[in-house]
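Reader: Please choose one part of this model and take me through it closely, joining the geometry of the side chains to the elements that carry them. I would rather have one connected account than a list.

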Amino acid sequence: MDGKRERHDPALGVTFTRLAGEPLWKRLLDEGRTRRHRAGETLLRQGDTGTHVLALVEGVVKVTRVERDGTIRVLAFRGAGDVVGEAAVLEESERRLASVSAIGDVTVVVVEGRRFRAFVERHDLSPVLTRHALTRLRQSDRARGGCCSRERVAHALLALAEAAYGERTGDGAHLSVTRTELAQYLGVSRNTVSTALGEIGTRVVTAERGVVVVHDLDALRAAAPVTDGPYADA
(Lines give C-alpha, C1' and ligand atoms only; values in the text may rest on other atoms or scores of the structure.)
Protein backbone atom coordinates (compact mmCIF):
# COMPACT_ATOMS: atom_id res chain seq x y z
CA MET A 1 0.00 0.00 0.00
CA ASP A 2 2.23 2.76 -1.33
CA GLY A 3 5.08 1.31 0.66
CA LYS A 4 3.04 1.29 3.87
CA ARG A 5 1.87 -1.85 5.62
CA GLU A 6 -1.91 -2.02 5.75
CA ARG A 7 -3.28 -2.75 9.17
CA HIS A 8 -6.53 -4.51 9.91
CA ASP A 9 -6.95 -3.16 13.41
CA PRO A 10 -10.45 -4.23 14.35
CA ALA A 11 -11.09 -1.01 16.29
CA LEU A 12 -10.37 0.93 13.09
CA GLY A 13 -12.67 -1.21 10.99
CA VAL A 14 -12.47 -2.88 7.60
CA THR A 15 -10.77 -0.51 5.21
CA PHE A 16 -11.70 0.56 1.71
CA THR A 17 -8.47 -1.08 0.53
CA ARG A 18 -9.45 -4.43 2.01
CA LEU A 19 -12.78 -4.36 0.17
CA ALA A 20 -11.62 -2.84 -3.13
CA GLY A 21 -8.19 -4.47 -3.34
CA GLU A 22 -4.64 -3.19 -3.37
CA PRO A 23 -4.43 -2.48 -7.15
CA LEU A 24 -7.45 -0.15 -7.07
CA TRP A 25 -6.14 1.56 -3.93
CA LYS A 26 -2.88 2.40 -5.71
CA ARG A 27 -4.80 3.71 -8.71
CA LEU A 28 -6.91 5.88 -6.42
CA LEU A 29 -3.77 7.40 -4.90
CA ASP A 30 -2.63 8.31 -8.41
CA GLU A 31 -5.78 10.42 -8.82
CA GLY A 32 -4.82 13.02 -6.21
CA ARG A 33 -2.12 14.99 -4.45
CA THR A 34 -0.38 14.25 -1.16
CA ARG A 35 -0.98 16.45 1.88
CA ARG A 36 0.28 16.16 5.46
CA HIS A 37 -1.38 17.22 8.70
CA ARG A 38 -0.21 17.52 12.29
CA ALA A 39 -2.00 16.05 15.30
CA GLY A 40 -5.14 17.97 16.20
CA GLU A 41 -5.64 19.59 12.79
CA THR A 42 -9.09 19.48 11.17
CA LEU A 43 -9.03 17.82 7.75
CA LEU A 44 -12.74 18.02 6.90
CA ARG A 45 -15.35 20.22 8.56
CA GLN A 46 -19.02 19.45 9.24
CA GLY A 47 -21.33 21.67 7.16
CA ASP A 48 -18.82 22.31 4.37
CA THR A 49 -19.68 21.32 0.82
CA GLY A 50 -18.18 17.99 -0.20
CA THR A 51 -15.59 18.98 -2.78
CA HIS A 52 -13.03 16.21 -2.25
CA VAL A 53 -12.27 12.82 -0.69
CA LEU A 54 -9.29 11.97 1.49
CA ALA A 55 -7.43 8.68 1.07
CA LEU A 56 -5.58 7.94 4.34
CA VAL A 57 -2.03 6.86 3.57
CA GLU A 58 -0.59 7.04 7.09
CA GLY A 59 -1.88 7.88 10.55
CA VAL A 60 -5.28 7.89 12.23
CA VAL A 61 -8.19 10.33 12.20
CA LYS A 62 -11.29 10.68 14.33
CA VAL A 63 -14.73 11.37 12.87
CA THR A 64 -16.91 13.62 15.03
CA ARG A 65 -20.31 15.27 14.69
CA VAL A 66 -21.86 18.20 16.53
CA GLU A 67 -25.41 17.27 17.48
CA ARG A 68 -28.37 19.68 17.58
CA ASP A 69 -27.97 20.18 21.34
CA GLY A 70 -24.34 21.19 20.83
CA THR A 71 -22.74 18.03 22.15
CA ILE A 72 -19.87 16.58 20.17
CA ARG A 73 -20.10 12.87 19.41
CA VAL A 74 -17.23 10.65 18.27
CA LEU A 75 -18.53 8.45 15.46
CA ALA A 76 -15.42 6.48 14.50
CA PHE A 77 -11.67 6.28 14.10
CA ARG A 78 -10.15 5.57 10.68
CA GLY A 79 -6.66 4.51 9.68
CA ALA A 80 -4.39 3.92 6.69
CA GLY A 81 -6.00 2.30 3.67
CA ASP A 82 -9.37 3.91 4.24
CA VAL A 83 -11.21 6.85 2.69
CA VAL A 84 -13.16 9.60 4.45
CA GLY A 85 -15.47 12.29 3.12
CA GLU A 86 -16.82 10.23 0.25
CA ALA A 87 -20.50 10.41 1.25
CA ALA A 88 -20.75 14.17 0.63
CA VAL A 89 -18.93 13.79 -2.69
CA LEU A 90 -20.91 10.99 -4.26
CA GLU A 91 -23.96 13.27 -4.25
CA GLU A 92 -22.65 16.48 -5.81
CA SER A 93 -22.78 19.65 -3.60
CA GLU A 94 -23.90 17.75 -0.48
CA ARG A 95 -22.88 19.12 2.93
CA ARG A 96 -20.58 17.14 5.17
CA LEU A 97 -22.37 15.52 8.11
CA ALA A 98 -19.26 15.17 10.28
CA SER A 99 -15.79 16.57 10.83
CA VAL A 100 -12.52 14.69 10.51
CA SER A 101 -9.39 15.56 12.50
CA ALA A 102 -5.97 14.00 13.01
CA ILE A 103 -5.13 12.30 16.31
CA GLY A 104 -1.47 12.01 15.28
CA ASP A 105 0.56 13.11 12.27
CA VAL A 106 -1.35 12.10 9.14
CA THR A 107 -0.58 11.76 5.45
CA VAL A 108 -3.49 11.83 3.00
CA VAL A 109 -4.06 11.98 -0.74
CA VAL A 110 -6.66 14.58 -1.72
CA VAL A 111 -8.87 13.42 -4.59
CA GLU A 112 -11.19 16.02 -6.13
CA GLY A 113 -14.87 15.12 -6.15
CA ARG A 114 -15.32 14.89 -9.91
CA ARG A 115 -12.27 12.63 -10.19
CA PHE A 116 -13.49 10.40 -7.36
CA ARG A 117 -16.95 10.07 -8.92
CA ALA A 118 -15.41 9.20 -12.29
CA PHE A 119 -13.11 6.68 -10.56
CA VAL A 120 -16.05 5.00 -8.83
CA GLU A 121 -18.01 4.79 -12.09
CA ARG A 122 -15.04 3.59 -14.13
CA HIS A 123 -14.30 0.72 -11.73
CA ASP A 124 -17.92 -0.04 -10.75
CA LEU A 125 -17.21 0.62 -7.09
CA SER A 126 -20.72 1.56 -5.94
CA PRO A 127 -21.36 -1.93 -4.45
CA VAL A 128 -18.01 -1.75 -2.64
CA LEU A 129 -18.83 1.64 -1.13
CA THR A 130 -22.25 0.43 -0.05
CA ARG A 131 -20.72 -2.61 1.66
CA HIS A 132 -18.09 -0.34 3.21
CA ALA A 133 -20.77 1.92 4.70
CA LEU A 134 -22.77 -1.02 6.08
CA THR A 135 -19.65 -2.59 7.59
CA ARG A 136 -18.84 0.70 9.30
CA LEU A 137 -22.27 0.79 10.88
CA ARG A 138 -21.93 -2.77 12.21
CA GLN A 139 -18.50 -2.06 13.64
CA SER A 140 -19.68 1.13 15.28
CA ASP A 141 -22.37 -0.89 17.06
CA ARG A 142 -19.82 -3.51 18.11
CA ALA A 143 -17.46 -0.89 19.53
CA ARG A 144 -20.24 0.18 21.90
CA GLY A 145 -21.07 -3.34 23.04
CA GLY A 146 -19.45 -6.10 25.04
CA CYS A 147 -18.05 -6.43 28.51
CA CYS A 148 -14.67 -5.90 30.17
CA SER A 149 -14.17 -2.13 29.93
CA ARG A 150 -10.48 -2.39 30.78
CA GLU A 151 -9.82 -4.67 27.80
CA ARG A 152 -11.99 -2.60 25.46
CA VAL A 153 -10.14 0.58 26.36
CA ALA A 154 -6.81 -1.23 25.96
CA HIS A 155 -7.84 -2.61 22.54
CA ALA A 156 -8.94 0.79 21.28
CA LEU A 157 -5.78 2.57 22.45
CA LEU A 158 -3.52 -0.17 21.10
CA ALA A 159 -5.15 0.01 17.67
CA LEU A 160 -4.87 3.80 17.58
CA ALA A 161 -1.26 3.86 18.78
CA GLU A 162 -0.08 1.15 16.38
CA ALA A 163 -1.86 2.71 13.42
CA ALA A 164 -0.62 6.22 14.23
CA TYR A 165 2.95 5.42 15.20
CA GLY A 166 3.75 1.78 14.45
CA GLU A 167 6.70 0.97 16.69
CA ARG A 168 8.00 4.56 16.52
CA THR A 169 6.74 5.54 19.93
CA GLY A 170 10.00 7.08 21.25
CA ASP A 171 9.03 8.98 24.40
CA GLY A 172 5.45 7.83 24.00
CA ALA A 173 2.65 7.68 21.43
CA HIS A 174 0.79 10.97 21.88
CA LEU A 175 -2.80 10.56 20.70
CA SER A 176 -4.92 13.69 20.29
CA VAL A 177 -7.98 12.09 21.86
CA THR A 178 -9.63 12.69 25.24
CA ARG A 179 -11.11 10.34 27.83
CA THR A 180 -14.52 11.76 26.97
CA GLU A 181 -14.07 10.94 23.28
CA LEU A 182 -12.96 7.40 24.10
CA ALA A 183 -15.99 7.04 26.33
CA GLN A 184 -18.32 8.25 23.56
CA TYR A 185 -16.76 5.89 21.05
CA LEU A 186 -16.95 2.86 23.36
CA GLY A 187 -20.38 3.70 24.76
CA VAL A 188 -19.23 3.92 28.37
CA SER A 189 -18.87 6.73 30.88
CA ARG A 190 -15.82 8.96 31.22
CA ASN A 191 -15.33 7.59 34.74
CA THR A 192 -15.25 4.06 33.32
CA VAL A 193 -12.46 5.07 30.93
CA SER A 194 -10.55 6.76 33.77
CA THR A 195 -10.89 3.65 35.93
CA ALA A 196 -9.74 1.43 33.05
CA LEU A 197 -6.69 3.63 32.44
CA GLY A 198 -5.85 3.43 36.14
CA GLU A 199 -6.10 -0.38 36.05
CA ILE A 200 -3.87 -0.59 32.98
CA GLY A 201 -1.32 1.49 34.87
CA THR A 202 0.38 4.88 34.57
CA ARG A 203 3.62 3.27 33.40
CA VAL A 204 1.69 2.02 30.37
CA VAL A 205 -0.71 4.84 29.54
CA THR A 206 -1.61 8.25 30.96
CA ALA A 207 -4.25 10.83 30.14
CA GLU A 208 -3.25 14.48 29.96
CA ARG A 209 -5.16 17.57 28.87
CA GLY A 210 -6.56 16.72 25.42
CA VAL A 211 -4.09 13.88 24.94
CA VAL A 212 -3.67 10.22 25.83
CA VAL A 213 -0.05 9.05 25.92
CA VAL A 214 0.87 5.39 25.44
CA HIS A 215 4.25 4.84 27.12
CA ASP A 216 4.68 1.07 26.74
CA LEU A 217 3.19 -0.65 23.68
CA ASP A 218 4.21 -4.15 24.76
CA ALA A 219 2.56 -3.75 28.14
CA LEU A 220 -0.56 -2.38 26.44
CA ARG A 221 -0.63 -5.44 24.16
CA ALA A 222 -0.56 -7.63 27.27
CA ALA A 223 -3.57 -5.72 28.58
CA ALA A 224 -5.43 -6.21 25.28
CA PRO A 225 -5.40 -9.97 24.55
CA VAL A 226 -6.56 -11.16 21.14
CA THR A 227 -10.28 -11.75 21.12
CA ASP A 228 -13.07 -12.80 18.77
CA GLY A 229 -15.45 -10.59 20.70
CA PRO A 230 -16.96 -7.27 19.83
CA TYR A 231 -13.96 -6.06 17.80
CA ALA A 232 -13.89 -8.94 15.36
CA ASP A 233 -14.18 -7.91 11.71
CA ALA A 234 -17.40 -8.43 9.85
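Author: Helices, in the sense used here, are DSSP runs of H or I with at least four residues, strands are runs of E with at least two, and both are numbered from the N terminus. By that convention Leu 137 belongs to helix 5, and the chain as a whole has nine helices and eleven strands. The model is a predicted one, and every value below is computed from it. The part I have chosen is strand 5, with the pocket and the core to which it contributes.

The pocket is a convenient place to begin. The volume of the largest pocket is about 840 Å³. Its lining is made of 28 residues, and those closest to the centre of the pocket are Val 63, Leu 75, Glu 86, Ala 87 and Arg 136. Two or more lining residues come from each of strand 4 (61-66), strand 5, helix 3 (87-90) and helix 5 (126-143). Among these elements helix 5 gives the most, with eight residues. In chemical character the lining divides into 14 nonpolar residues, nine charged ones and five polar ones.

Helix 5 itself also has an exposed position. Leu 137 has a relative accessibility of 55%, and because exposed means over 50%, this leucine counts as exposed. The C-alpha atom of Leu 137 lies 9.8 Å from that of Gly 13, although 124 residues separate the two along the chain. In the loop between helix 4 (113-122) and helix 5 we find Asp 124, which has a positive phi of about 50° although it is not a glycine. Most residues other than glycine have a negative phi. The relative accessible area of Asp 124 is 56%, so this residue is exposed as well.

Strand 5 is the element that ties the pocket to the interior. Ala 76 is placed in this strand, and its relative accessibility of 10% makes it buried, because the limit for that class is under 20%. Leaving out neighbours within four places in sequence, Ala 76 is in contact with Val 61, Lys 62, Val 63 and Tyr 185. The C-alpha atoms of Ala 76 and Val 61 are 8.5 Å apart, with their positions 15 residues apart in sequence.

The aromatic rings deserve separate attention. A pair of aromatic rings is described by the distance of the centres and the angle of the planes. Searching the whole structure gives two aromatic pairs. Phe 16 and Trp 25 form a tilted pair, with 6.4 Å from centre to centre and 55° between the planes. Both Phe 16 and Trp 25 are buried. The other pair joins Phe 77 and Tyr 185, whose ring centres are 4.9 Å apart and whose planes meet at 80°, so this pair is edge-to-face. It links distant parts of the chain, since Phe 77 is in strand 5 (residues 72-78) and Tyr 185 is in helix 7 (residues 179-186), 108 residues apart. Phe 77 and Tyr 185 are both buried. On the side of helix 7, the buried residues include Glu 181, Leu 182, Ala 183 and Leu 186 alongside Tyr 185, and the helix is followed by Gly 187, which has a positive phi near 75°.

From Phe 77 the account passes to the hydrophobic interior. The largest nonpolar core has 33 residues, and Phe 77 is one of those with the most contacts inside it, together with Val 153, Leu 157, Leu 175, Ile 200, Val 214 and Leu 220. At least two residues of this core come from each of strand 5, helix 6 (149-165), strand 9 (173-175), helix 7, helix 8 (190-200), strand 11 (211-214) and helix 9 (217-223). Helix 6 gives the most to this core, with ten residues. Leu 175 shows how such packing is made up: apart from residues up to four places away in sequence, it touches, among others, Ile 103, Leu 157, Leu 160, Ala 161, Val 212 and Val 214. A second core of 21 residues is separate from this one and includes Trp 25, Val 57, Val 83 and Leu 125.

Two figures for the chain set this part in context. Of its 234 residues, 50% count as buried, and among contacts between residues at least 6 apart in sequence, 76% join residues at least 24 apart.

Technical notes:
Residues are numbered from 1 along each chain as its sequence is written. This is a predicted model: local features need pLDDT of at least 70, side-chain atom pairs count only at pLDDT 80 or more; totals for chains, interfaces and linings use all residues. Side-chain values use heavy atoms; hydrogens and water are left out. Rings of Phe, Tyr and Trp (its six-membered ring) pair if their centres lie within 6.5 Å; planes under 30 degrees apart count as stacked, over 60 as edge-to-face and the rest as tilted. Buried means under 20% relative accessible area, exposed over 50%, partly exposed in between (1.4 Å probe, protein chains only). A nonpolar core is a set of buried Ala, Val, Leu, Ile, Met, Phe, Trp, Tyr and Cys residues joined through side-chain atoms within 4.5 Å. Contact means heavy atoms within 4.5 Å. On a 1 Å grid over the protein atoms alone, a cavity is a set of points where a 1.4 Å probe fits but cannot get out, and a pocket is an open set with protein on both sides within 12 Å along at least five of seven lines; lining residues have an atom within 4 Å of a point. Grid points are joined across faces, edges and corners, and a volume is the space filled by probe spheres set on the points. Ala, Val, Leu, Ile, Met, Phe, Trp, Tyr, Cys and Pro count as nonpolar, Asp, Glu, Lys and Arg as charged, and the others, Gly among them, as polar.
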